[in-house]
Amino acid sequence: MDMNEIKEIFFQECEEQLAELESGLLRLNDGDRDPETVNAVFRAVHSIKGGAGAFGLDDLVSFAHVFETTLDCVRSNKLEPTAEVLKVMLKSADVLADLTNVARDGGSVDQARSKQLIRELEALANGEAPPPAAVVEAPAAKPAAAAPAPVVNDEGFVPVAFSFDDFGGEEDVLIVHPTYEISFKPKADLYSKGNEATLLLRDLSRLGEMSIHCNMEALPSLEQMDPESAYFSWKISVKTDKGEDAIRSVFEFAEWDCDLEISLADEGTAAEMTDEELPMQPVPFDLSVLDDEPDAPVGVVEEEERLAAVHESAATVAAAEVASNVVQLASTASRAAAEPKAAAPAAAAAQNTAQAASAAAPTIRVDLDRVDRLINLVGELVINQAMLSQSVIENDNNGTSSINMGLEELQQLTREIQDSVMAIRAQPVKPVFQRMARTVREIADITGKSVRLITEGENTEVDKTVIDKLAEPLTHMIRNAVDHGLEMPEKRVALGKNPEGTVRLTAKHRSGRIVIELADDGQGINREKVRQKAIDNDLIAADANLSDEEIDNLIFHAGFSTADKVSDLSGRGVGMDVVKRSIQALGGRINISSKPGHGSVFTMSLPLTLAVLDGMVVTVAGQTLVVPLTAIVETLQPEASAIHSFGASQRLISIRNSFCPLVDVGRILNFRSTQANPVEGVALLVESEGGGQRALMVDAIQGQRQVVIKSLEANYTHVPGIAAATILGDGRVALILDVDAVVSASRGQPLKLETSLAAAG
Amino acid sequence: MTYLAKNLTNGGRELIAFRIGDQEFCVNIMSVREIRGWTPATAMPHTPSYMLGVINLRGAVLPIIDLSARLGMRPTEPTVRHVIIVAQVRDKVVGLLVEAVSDILTVTDDNIQPTPDISNDFERAYARGVLAIEGRMICLIELEAIFSHLESEAA
């Protein structure tokens with residue numbers, strides 16, 4: 001694995017961490033005060049910083065560092081996560097995402113913006129404590145030292161520029177260095193990850209004078225020994241002026257895989273050690289140094305608090321004999337001594353952290369190409385299985401043979417394989433929804449509107465290709481909703497609405513499709529304006545009689561924008577028609593319903609997967625067609641008495657006393673020139689996304705089958721009225737009917753017109 | 001500078017010659033993926049008359065074009081003796097229905113004469129030269145020019 005691959009993994013992890021960060025901040029914004037949420041947010045930033053440091057991404061490190069420092073204040077309850085604070089944090093999360101992208105793809109970030117945020121973050125972090133002047137330079141100057149252990153760093157200090165270097169200076173005057181007691185017990189994981197205790201110890205020895213004692217008691221006899229396990233532990237005492245951070249940084253990458261305790265040696269600790277365990281000489285000087293410090297008021301000056309905490313930690317450890325505890329708990333205990341009120345949640349948080357880490361389901365990263373290849377192969381398998389079944393049935397009149405039974409089982413198996421393979425690609429829509437949160441924030445900022453995004457059902461799963469292609473239209477629609485839909489806060493107040501507008505994004509599964517709804521509580525569609533605009537643009541005749549629904553749907557036409565002034569955000573006239581086309585390209589439908597003064601609801605219905613569908617195989621004018629099963633409400637054999645002529649060419653069919661237009665599929669698709677006799681065919685009652693039912697006339701139903709969708713566009717172009725193609729059991733291509741296109745064609749919009757519109761846009 | 005001058009190298013190159021009606025055409029062998037027999041195609045609605053439909057080519061949906069009709073000549077009545085030339089045109093793969101594949105030619109630039117000065121724009125658009133081989137005349141055509149619409153419609 002070369003460096004680039006490792007880097008790529010880092011960036012993938014960054015994406016996950018950024019998502020975690022954002023969702024955590026949003027939860028905090030919603031009033032969640034669970035310490036675990038704060039910890040999760042902190043961990044996310046810390047992990048990004050740690051990785052970025054390893055790759056020398058200094059910009060990222062320095063920003064993440066400041067961010068982390070401020071988050072740490074929140075974590076240690078020094079900073080109340082108010083809405084104001086979280087606003088800065090959410091913006092910082094955006095900048096962090098930008099910086100990550102820049103680090104990966106090149107380009108540049110808005111330096112002014114990140115500088116401004118760094119200042120804001122620092123201001124927040126220093127809300128109470130006197131601001132150390134060196135903070136701005138500090139992270140950039142010493143990124144390595146500024147990367148302490150994630151959860152260990154509980155003291156809430158502003159690192160690096162103060163504290164131990166200064167402290168060290170003092171010690172130089174006294175000509176003494178503090179001695180640190182380190183208890184280091186590697187777990188098997190440490191070795192399996194390629195770390196090496198010897199190297200860690202060697203690094204440690206560079207910090208100063210060191211004595212090591214290896215504890216081999218745990219070592220079992222040879223025959224009981226697991227060669228991949230870890231049995232040794234070490235007690236180390238180091239005399240160094242580099243400070244605890246330097247020691248921690250030695251263990252930075254090993255920390256999660258070992259029990260590590262670092263404490264400043266004092267009498268209590270020294271007394272615990274027997275000579276046998278640790279042959280070291282306690283140094284009296286460092287105790288005198290420490291003895292001076294604990295008297296200073298905790299929390300007034302950063303250095304003192306830091307020092308006090310370290311001292312408390314040592315004392316607590318010694319007193320409580322928590323020798324086997326992991327370092328998080330040790331430092332939590334130290335805080336317990338310093339800040340008794342915060343002790344309980346912090347300890348709980350530390351435990352939760354451990355649980356969360358172990359409870360996460362194991363996952364692997366797989367190249368998407370491999371999954372796609374597998375899916376293609378399974379698709380071929382399904383086709384082959386169908387072909388085999390068909391030829392067996394043709395050659396075997398006796399339908400009960402063992403071959404037939406075997407084939408049925410094979411069919412079941414192939415279907416199961418297919419479902420499982422499809423499930424691999426299914427992903428929750430969460431990442432896309434999270435991106436929308438950012439979009440909303442940015443647009444709200446630019447437009448000066450106050451917007452709240454509520455997301456629901458973000459764990460709804462859908463095929464990855466659908467998710468990938470969903471982001472763009474959704475962004476467009478959210479922009480439109482905020483820019484055009486919501487009113488300015490003053491206007492909202494005047495209308496008696498909450499000055500904060502609400503945009504609600506919902507995802508749910510409904511009858512084998514995913515339905516995504518985007519609702520705003522804004523002004524709704526101004527139908528008079530839309531109508532006027534459509535007339536101005538020659539989209540409709542001036543005297544056209546349109547229903548409200550039809551007017552609303554005019555916004556999906558190419559080159560339609562009602563914004564009075566063209567803004568940066570939307571209103572470039574490439575808005576909703578592009579959205580509609582990209583949704584249609586996914587095999588989806590989009591619909592709008594709007595209530596003037598109360599907002600608009602956009603409803604998108606998308607297939608869960610772009611690879612297979614359940615279809616009804618029908619015959620129309622000698623051609624075999626597949627009608628998606630999801631569209632069919634019921635099938636019926638029309639009786640002559642139920643067919644009524646309506647006007648010159650229309651015919652209606654009465655179904656349980658309601659009349660439904662009959663649509664001859666063969667005519668619409670130009671497969672025949674005269675209308676078929678409805679009594680000789682079968683009617684498929686379909687419900688279209690645009691609302692309303694239609695009875696599609698076909699000649700006969702052949703059966704019901706799961707078919708693999710094959711793109712027509714791959715080698716040809718879009719064909720109006722046809723959604724895609726598939727390959728049937730006989731090896732021939734059958735076309736999949738685009739029910740909605742056929743229905744809208746039956747409403748008098750010729751199929752060809754729609755293509756020309758699409759082509760024009 | 002003509003297309004020919006730009007695209008032909010000095011070395012020889014291979015062309016596939018095929019028959020449509022009483023005329024012979026050829027295309028660059030590099031654009032031909034395979035040659036197969038005629039199988040009935042699934043008709044598609046609202047397509048030009050030269051578009052015969054689609055067939056299954058090992059799992060891919062392959063559009064079949066009646067090259068004769070596409071070139072403005074008489075539409076072909078496909079029989080089992082007709083063949084389909086599977087060709088790559090830009091990023092798409094299409095099947096061309098022709099009467100028969102007649103030859104594989106190795107030619108150099110010198111063998112290719114410029115297209116005679118004819119009035120018909122359409123013929124000029126796809127013809128890239130003519131070859132005189134053993135008393136026959138074979139017209140070199142450029143598939144990209146014939147199917148330029150494939151791309152624009154898809155865009």
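In this predicted model, A:Arg672 is buried, with a relative accessible area of 17%. That value falls under the 20% mark, which means that the residue counts as buried rather than partly exposed. The arginine sits in a loop of chain A, on the stretch between helix 24 (665–668) and strand 18 (682–687). Its side chain isn't left without a polar partner: A:Arg672 makes a polar contact with the side chain of A:Asp699, at 3.3 Å. A:Asp699 also turns up among the residues that A:Arg672 touches once those up to four places away in sequence are set aside. The others are A:Val620, A:Ala621, A:Asp664, A:Gly666 and A:Arg667.

Stepping back to the whole of chain A, the model has 26 helices and 22 strands. Of the 761 residues in this chain, 48% are buried. Counting the contacts in chain A with a separation of 6 or more, 69% are between residues 24 or more positions apart. Chain A exposes about 36,500 Å², and carbon and sulfur atoms account for 52% of that area.

Chain B, with 155 residues, likewise has 48% of them buried. Its secondary structure adds up to five helices and 11 strands. Here, residues 24 or more positions apart supply 55% of the contacts with a separation of 6 or more. The accessible surface of chain B is about 7,700 Å², with 50% of it on carbon and sulfur atoms.

Now for how the two chains meet. The size of an interface is often given as the accessible area lost when the parts come together. For chain A and chain B, that buried area is about 2,100 Å², and carbon and sulfur atoms make up 60% of it. On the chain A side, A:Asn715, A:Tyr716 and A:Val733 lose the most area to chain B, together giving 34% of what that side buries. In residue terms, chain A brings 26 to the contact and chain B brings 25.

As for polar links, seven residue pairs are in polar contact across the interface, with both partners at pLDDT 80 or more. Salt bridges across the same interface come to zero. On chain A, the elements that give two or more residues to the side touching chain B are strand 21 (722–727), strand 22 (733–737) and helix 26 (751–760). Sorted by type, the chain A residues on that side come out as 15 nonpolar, six polar and five charged.

How values were computed
Residues numbered from 1 in each chain as written. Chains lettered and ligands numbered in written order. Predicted model: local features only at pLDDT ≥ 70, side-chain atom pairs only at ≥ 80, totals over all residues. Heavy atoms only, no water. Helix = DSSP H or I, 4+ residues; strand = E, 2+ residues; numbered from the N terminus. Buried < 20%, exposed > 50% of the residue type's maximum accessible area, 1.4 Å probe, protein only. Contact = heavy atoms within 4.5 Å. Areas by Shrake-Rupley, 256 points an atom, 1.4 Å probe, with all protein chains shown as cover. Polar contact = N/O pair within 3.5 Å; in protein donor to acceptor, adjacent residues only side chain to side chain. Buried area = accessible area lost by both parts, 1.4 Å probe. Salt bridge = Lys/Arg side-chain N within 4 Å of Asp/Glu carboxyl O. Nonpolar A, V, L, I, M, F, W, Y, C, P; charged D, E, K, R; others polar.
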